[in-house]
Amino acid sequence: MSKLDDLTESWTRNAAQRRSRRGFLARLAGVLTATTAAPLLPIDRSGRAHAAEPPTEMPTTAAPDAPSDDPSDCEYWRYCGIDGYLCNCCGGGPALCPPGTTASATAWVGTCMNPADGLTYLIAYNDCCGTGDCSRCECWRNEGQTPIYSPQRNNDIIWCFGAPTMLYNCSIARVIGRAG
């Protein structure tokens, strides 16, 4: 054990002669800051594999391009820019997070036309965070999606910023108002 003690003492004395305490503390603070800030970075979920067959929760009777008036259907007009799982199938609603989850304070936005009145509306898409993936009613509609350099309109990011946890559950689509 004395060889290990001698080696440790030698290394410590050598380091103390070459570096200051302030420099050591500055490096330590940088490492601690980086490790605590890492969970705040956006997470790209575009690499998730899409299922080979459509989910059983989604009706397949309508034509793929036909708008739907059913909020649990991926073709519902509000979901033109959504990417993820629909909260309707997870215990929530089109604009309501399921119990046990919290809507993120940040959102991505899109404009969708309501076929019932022919008007275009501004839609805010919030991720509901707090529990793991709902894994029901997958919906990947990327109409109007912009590249990642315009993050406020990109749906490939987990938008759980400001929520108690970064665990993604599902996404909601809230009508903000008329566009234009």
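A residue counts as exposed when its relative accessible area is over 50%, as buried when that value is under 20%, and as partly exposed in between. Keep those cut-offs at hand for this tour of a predicted model.

**The whole chain**

Start with everything shown as a cartoon. The protein chain has 2 helices and 6 strands, and from the N terminus on they run α-α-β-β-β-β-β-β. Of its 180 residues, 33% count as buried. Now switch on a surface: the accessible area comes to about 10,900 Å², and 59% of that belongs to carbon and sulfur atoms. As you trace the contacts, keep sequence distance in mind. Among contacts with a separation of 6 or more, 72% are between residues 24 or more positions apart.

**Stop 1: a patch on helix α2**

Select residues 21–37, which make up helix α2, and pick out L25 there. Is L25 buried or exposed? Its relative accessibility is 51%, and because exposed means over 50%, L25 falls on the exposed side of the cut-off. Next add F24, L28 and L32 to the selection. Together with L25 they make a nonpolar surface patch of about 400 Å².

**Stop 2: the disulfides**

Show the cysteine side chains as sticks. A disulfide is a covalent bond between the sulfur atoms of two cysteines. How many disulfides does a search of the whole structure find? The count is 7, and three of them are on our route.

Begin with C74 and C139, whose sulfur atoms are 1.9 Å apart in a disulfide. Looking along the S-S bond, you will find a torsion of 80°, a right-handed link. C74 sits in the loop between α2 and β1 (83–85) while C139 is in strand β5, so this bond ties together parts of the chain 65 residues apart in sequence. Colour by accessibility and both ends turn out to be buried: C74 has a relative accessible area of 6%, and C139 has 0%.

Go on to C80 and C112, a disulfide with 1.8 Å between the sulfur atoms. The angle about this S-S bond is -80°, which makes the link left-handed. C80 belongs to the loop between α2 and β1, and C112 to strand β3 (residues 108–113), so the two joined parts are 32 residues apart in sequence. Both cysteines are buried.

The third pair to select is C97 and C128, with sulfur atoms 1.9 Å apart. Its S-S torsion is about -80°, so this disulfide is left-handed. The pair links distant parts of the chain, with C97 in the loop between β1 and β2 (102–103) and C128 in strand β4, 31 residues apart. C97 and C128 are both buried.

**Stop 3: Y121 in strand β4**

Stay with strand β4, residues 120–129, and select Y121. With a relative accessible area of 14%, Y121 is buried. Which side chain makes a polar contact with the side chain of Y121? The partner is D117, at 2.5 Å. Then measure from the C-alpha atom of Y121 to that of V175: the two are separated by 6.7 Å, although their positions lie 54 residues apart along the chain. Beyond its neighbours up to four places away in sequence, Y121 touches W77, G110, T111, C112, N114, V175, G177, R178 and A179. You have already met C112, which forms a disulfide with C80.

**Stop 4: two positive phi values**

Move to the loop between β4 and β5 (138–140) and select S135. Its phi is near 60°, a positive value in a residue other than glycine. In the loop between β4 and β5 you will also find C137, whose phi is near 55°, again positive in a residue other than glycine. Compare their surroundings: S135 is partly exposed at 47% relative accessible area, whereas C137 is buried at 1%.

**Stop 5: N169 in strand β6**

Finish in strand β6, residues 168–178, by selecting N169. What is its relative accessible area? The value is 6%, so N169 is buried, given the cut-off of under 20%. Show what surrounds it, leaving aside residues within four places in sequence: N169 is in contact with Y85, C90, P98, T101, C128, T131, G132, D133 and C134. That list includes C128, the strand β4 cysteine bonded to C97.

Technical notes:
Residues numbered from 1 in each chain as written. Predicted model: local features only at pLDDT ≥ 70, side-chain atom pairs only at ≥ 80, totals over all residues. Heavy atoms only, no water. Helix = DSSP H or I, 4+ residues; strand = E, 2+ residues; numbered from the N terminus. Buried < 20%, exposed > 50% of the residue type's maximum accessible area, 1.4 Å probe, protein only. Contact = heavy atoms within 4.5 Å. Patch = residues over 30% accessible without salt bridge, like charges linked within 9 Å, V, L, I, M, F, W, Y side chains within 5 Å. Areas by Shrake-Rupley, 256 points an atom, 1.4 Å probe, with all protein chains shown as cover. Salt bridge = Lys/Arg side-chain N within 4 Å of Asp/Glu carboxyl O. Polar contact = N/O pair within 3.5 Å; in protein donor to acceptor, adjacent residues only side chain to side chain. Disulfide = S-S within 2.5 Å.
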